[in-house]
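Me: Hello! I would like a close look at one part of this protein, followed by a walk through whatever surrounds it.

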Amino acid sequence: MRGPRASRLWMFVGVTAPLCLLAASTPTRASVASPVAKVAPGSQYVAMGSSYAAGFGIQPQEPDSGSCGRSLLDYPHLVATKLHLELHDVSCGGAVTANALDTPQGSASPQIDAVTTKTRLVTMTIGGNDVNYVGTAIECGQPASTCVTTANPAATDAAFQALPHSLTELIQAVRAKAPSVIIVLVTYVRLVPPTACPALHYTPAATRLVASIGSRLQQVFLTVAKNDDVRLVDPYSVGAEHGPCARGANKWVAGLVATNGFEYHPTVAGHQQMARLVEQDLDS
């Protein structure tokens, strides 16, 4: 790749993954973690994640968020405002699970450094860059893309096999630092709807590729939430009709063209819905 788009895409795919690796409702929850009490106003809330959590590029941006691209309208900020929580938003565009656990991301410390014994809530939307979901989604939408023919199924499978362990390791590390924490996994908003969507600018083969990665990623979240006994908020499952070809507040994720934010990423409306689902889950 060359030019500005190459540098923009680089922010989402990490440093090692090939480009074409690895697809008003009640929230889905695989299990109810202990403790089950509601998060009290004033509690410390740490938001971990990649660009889908950060509201990458959505204006207005959080001051000093730099290349992480955190928005003041991302779902962590909306949840913190609604529930009156002390927010530490360390989500960052391009983050992989290692950046959340133990590996700095540029000048940003590992995200888990924000977790303390006082932390009562942690949300996580991370793992998509481990399997190169967002990078593939972006690359497949470009003119004359070869993302399908250059995809590496073996590497994709290996990335997916490693991801559940990486998420479990992160969850265990958070619990070790914050024994009283409530952890909520928040799935990636569904990008590819059940019917053809011209706004994606995908070929039929690219549509199938990106949809398959998104579906597999969502299944990892379901499995990890169940096995590790954490809460699950699942905008993927309830977002089938809210893809890039929906209109207005019904469009939870952008296609190739984004009016406020970044291509193939959640919209302002998408973050509002993610926030609402998290708030409903915590109130249940």
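Which residues in H3 meet which residues in H9?

Reply: Happy to take you through it. Please keep in mind that this is a predicted model. On the H3 side, Tyr75, Leu78, Val79, Lys82 and Leu83 take part, and they meet His271, Gln272, Met274, Ala275, Val278, Glu279 and Leu282 of H9. The axes of H3 and H9 lie 8 Å apart and make an angle of about 45°. With that angle falling between 35 and 65 degrees, the two helices are therefore oblique to each other. As for handedness, H3 and H9 cross in the right-handed sense.

Tyr75 is a good way out of this interface and into the interior, since Tyr75 is also among the contacts of methionine 124. Setting aside sequence neighbours within four places, methionine 124 touches Met48, Tyr75, Leu170, Ile171, Val174, Ile183, Val184, Leu185, Val186 and Phe221. Met124 belongs to the largest nonpolar core, which has 73 residues. Met48, Met124, Val174, Leu191 and Tyr202 are the members that touch the most others there. Helix H7, residues 204–228, supplies the largest share of this core, namely nine residues. As background, nonpolar side chains tend to be buried together in soluble globular proteins.

H7 also packs against other helices. Take H6 (residues 153–177) as one of them: the axes of H6 and H7 come within 10 Å and cross at roughly 35°, in a right-handed crossing. From H6 the contact uses Thr156, Asp157, Phe160, Leu163, Pro164, Leu167, Thr168, Ile171 and Arg175. Their partners in H7 are Ile213, Arg216, Leu217, Val220, Phe221, Val224 and Asp228. Two names here should look familiar, because Ile171 and Phe221 appear among the contacts of methionine 124 as well.

H5 (residues 133–140) packs on H7 too, with the axes 10 Å apart and an angle of about 165°. An angle over 145 degrees counts as roughly antiparallel, so that is how H5 runs relative to H7. The crossing of H5 and H7 is left-handed. Tyr133, Thr136, Ala137 and Cys140 of H5 make this contact, together with Ala206, Leu209, Val210, Ile213, Gly214 and Leu217 of H7. Ile213 and Leu217 of H7 also take part in the contact with H6.

Cys140 leads us on to the disulfides, of which there are three. Cysteine 140 is bonded to cysteine 147, with the sulfur atoms 2.0 Å apart. The torsion about their S-S bond is about 110°, so this disulfide is right-handed. Cysteine 140 has a relative accessible area of 4% and is buried, and cysteine 147, at 2%, is buried too.

A further disulfide brings us back towards H3. Cysteine 68 and cysteine 92 are joined with an S to S distance of 2.0 Å, and the link is left-handed, with -80° about the S-S bond. Cysteine 68 sits in the loop between helix H2 (51–54) and H3 (75–83), while cysteine 92 sits in the loop between strand E2 (86–89) and helix H4 (97–101), so this pair ties together parts 24 residues apart in sequence. Cysteine 68 and cysteine 92 are both buried. The loop between H2 and H3 also holds proline 60, and the peptide bond from glutamine 59 to proline 60 is cis, with omega near 0°.

Cysteine 197 and cysteine 245 make up another pair, at an S to S distance of 2.2 Å. Their link is right-handed, with 100° about the S-S bond. Cysteine 197 lies in the loop between strand E4 (182–186) and H7, and cysteine 245 in the loop between helix H8 (235–238) and H9 (268–283), so parts 48 residues apart in sequence are tied together. Cysteine 197 counts as buried at 11% relative accessibility, whereas cysteine 245 is partly exposed at 38%. With the bonded cysteines numbered in sequence order, the pairing reads 1-2, 3-4, 5-6.

To finish, a couple of backbone details to check in your viewer. Histidine 201, also in the loop between E4 and H7, has a positive phi of about 60° without being a glycine, and its relative accessibility of 47% makes it partly exposed. Asparagine 132 likewise has a positive phi of about 60° and is not a glycine. Asparagine 132 lies in the loop between strand E3 (119–125) and H5, and is buried, with a relative accessible area of 0%.

Terms used: Residues are numbered from 1 along each chain as its sequence is written. This is a predicted model: local features need pLDDT of at least 70, side-chain atom pairs count only at pLDDT 80 or more; totals for chains, interfaces and linings use all residues. Side-chain values use heavy atoms; hydrogens and water are left out. A nonpolar core is a set of buried Ala, Val, Leu, Ile, Met, Phe, Trp, Tyr and Cys residues joined through side-chain atoms within 4.5 Å. Buried means under 20% relative accessible area, exposed over 50%, partly exposed in between (1.4 Å probe, protein chains only). Helices (H or I, at least four residues) and strands (E, at least two) are DSSP runs, numbered from the N terminus. Contact means heavy atoms within 4.5 Å. A disulfide is a pair of cysteine sulfur atoms within 2.5 Å. Axes are lines fitted to C-alpha atoms, for helices over the stretch in contact, and angles run from 0 to 180 degrees between N-to-C directions. Angles under 35 degrees count as roughly parallel, over 145 as roughly antiparallel, 65 to 115 as roughly perpendicular and the rest as oblique. A crossing is left-handed if the near helix is turned anticlockwise from the far one by less than a right angle, and right-handed if clockwise.
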